[in-house]
Amino acid sequence: MKMSNDHALLSRLEQRAVEADQVIEYLKQQVALLKEKAVLQAAQREEKRLRVENAKLKSDIDDLKQKLVEAETCNGVKQMPLPSVAFVQSTCLSPQTAVAATKANVKTPDVSEDKEKQDKPDKKPDKKGEKKEKKQTMGSGDDSKPIDVSRLDLRVGCITSVKRHPDADLLYVEEVDVGETNPRTVVSGLVKHVPMEEMQNRLVVMLCNLKPSKMRGVLSQAMVMCASSPEKVEILDPPCDALPGERVTFENYPGEPDKELNPKKKIWDRIQPDLRTNEECIATYKGTPFVVRGMGVCKSQTMANSGIK
């Protein structure tokens with residue numbers, strides 16, 4: 001009788017040991033999954049950071065290339081164009097045609113240089129007239145453009161720093177990366193509506209072609225776009241994967257924005273009343289959503305059917 005009891009006890013202990021091993025194995029699997037998830041999240045954050053840095057570096061390289069070309073031009077260094085497709089094909093077909101094409105390419109600049117030297121004295125007096133004509137053409141082009149949202153230079157920005165305005169309790173002073181070499185200084189009256197910690201490192205939608213203006217002694221170079229009502233203000237959020245400098249576009253309104261909105265023509269004042277969030281809190285112009293191509297739409301967090309400014 002005693003031996004049978006011992007045998008039953010031993011069986012229960014063995015069963016509990018097996019169950020304990022299963023629990024331990026399950027816990028090990030959960031720990032491994034949590035580690036994988038943490039590594040994946042860290043990799044995604046790092047990838048996003050690197051994409052932002054790469055975009056900024058690309059912009060810096062393009063600016064440096066342009067400055068180098070301008071410096072070389074000022075110093076008399078000729079900018080040689082890349083060979084044409086026809087020239088490359090001719091060099092691949094036969095050595096004789098390649099030699100002939102090379103000679104032709106070498107001779108052509110000399111002829112054009114001689115022509116330029118001969119024409120220079122005659123062209124100088126006309127430069128002022130040409131500039132006037134260009135200005136008139138540009139002015140007439142702006143007048144002929146429709147007054148719609150395509151005139152606005154709306155871009156994704158990232159607030160890299162924010163502080164209180166030294167002379168105004170209700171204003172923030174932000175530094176915002178909009179995809180240019182240097183960040184823009186922006187003054188915003190958001191102190192009552194958005195805590196400072198929610199401003200820092202936040203993606204926003206920026207209006208970049210308003211004429212810069214001083215606000216209590218600080219020059220503001222752009223405007224943070226917000227859903228707004230008399231009681232509440234919320235910053236518009238672009239898609240979370242968007243990069244600073246990416247354009248906000250509108251499907252039914254193609255065209256390039258003005259370099260700077262002329263305040264005398266009140267273009268912004270005429271467009272702004274048609275900027276609103278819809279019932280889904282999506283920012284729109286006359287019902288057409290604010291879109292960052294390939295990324296998604298811009299939205300307010302909670303404010304539906306509200307004005308945008």
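**Close-up 1. C158 stands opposite L203 of strand 4 in this predicted model.** Strand 1 covers residues 154–165, and strand 4 covers residues 203–207. Five bridges join the two strands. They run antiparallel.

**Close-up 2. Five strands form an open sheet.** Their order is 3-2-1-4-7, with antiparallel pairing. Strand 3 and strand 7 stand at the edges. Each has a single partner strand, so one side of each is left without a neighbour in the sheet. Strands of a sheet pair through backbone hydrogen bonds.

**Close-up 3. Strand 2 and strand 3 form a hairpin.** Strand 2 spans residues 168–177 and runs antiparallel to strand 3, with five bridges between them. V173 has V187 of strand 3 as its bridge partner. Six residues lie between the strands of the hairpin, where G179 takes a positive phi near 85°.

**Close-up 4. Strand 3, residues 184–188, is largely enclosed by the rest of the structure.** Why is it described this way? Five of its five residues are buried, so the surroundings largely enclose the strand. In a regular strand, side chains alternate between the two faces of the sheet. Here R184, V186 and S188 point one way, while T185 and V187 point the other way.

**Close-up 5. The largest pocket holds about 520 Å³ of space.** It is lined by 26 residues, and the closest to its centre are L210, S213, A222, M223 and W268. Strand 3, strand 5, strand 7, strand 8 and helix 6 each supply at least two lining residues. By class, the lining has 15 nonpolar, seven polar and four charged residues.

Methods
Residues numbered from 1 in each chain as written. Predicted model: local features only at pLDDT ≥ 70, side-chain atom pairs only at ≥ 80, totals over all residues. Heavy atoms only, no water. Buried < 20%, exposed > 50% of the residue type's maximum accessible area, 1.4 Å probe, protein only. Helix = DSSP H or I, 4+ residues; strand = E, 2+ residues; numbered from the N terminus. Pairing = 2+ DSSP bridges. 1 Å grid on protein atoms, 1.4 Å probe; cavity = no way out; pocket = protein on both sides within 12 Å on 5 of 7 lines; lining within 4 Å. Points joined across faces, edges and corners; volume = space filled by probe spheres on them. Nonpolar A, V, L, I, M, F, W, Y, C, P; charged D, E, K, R; others polar.
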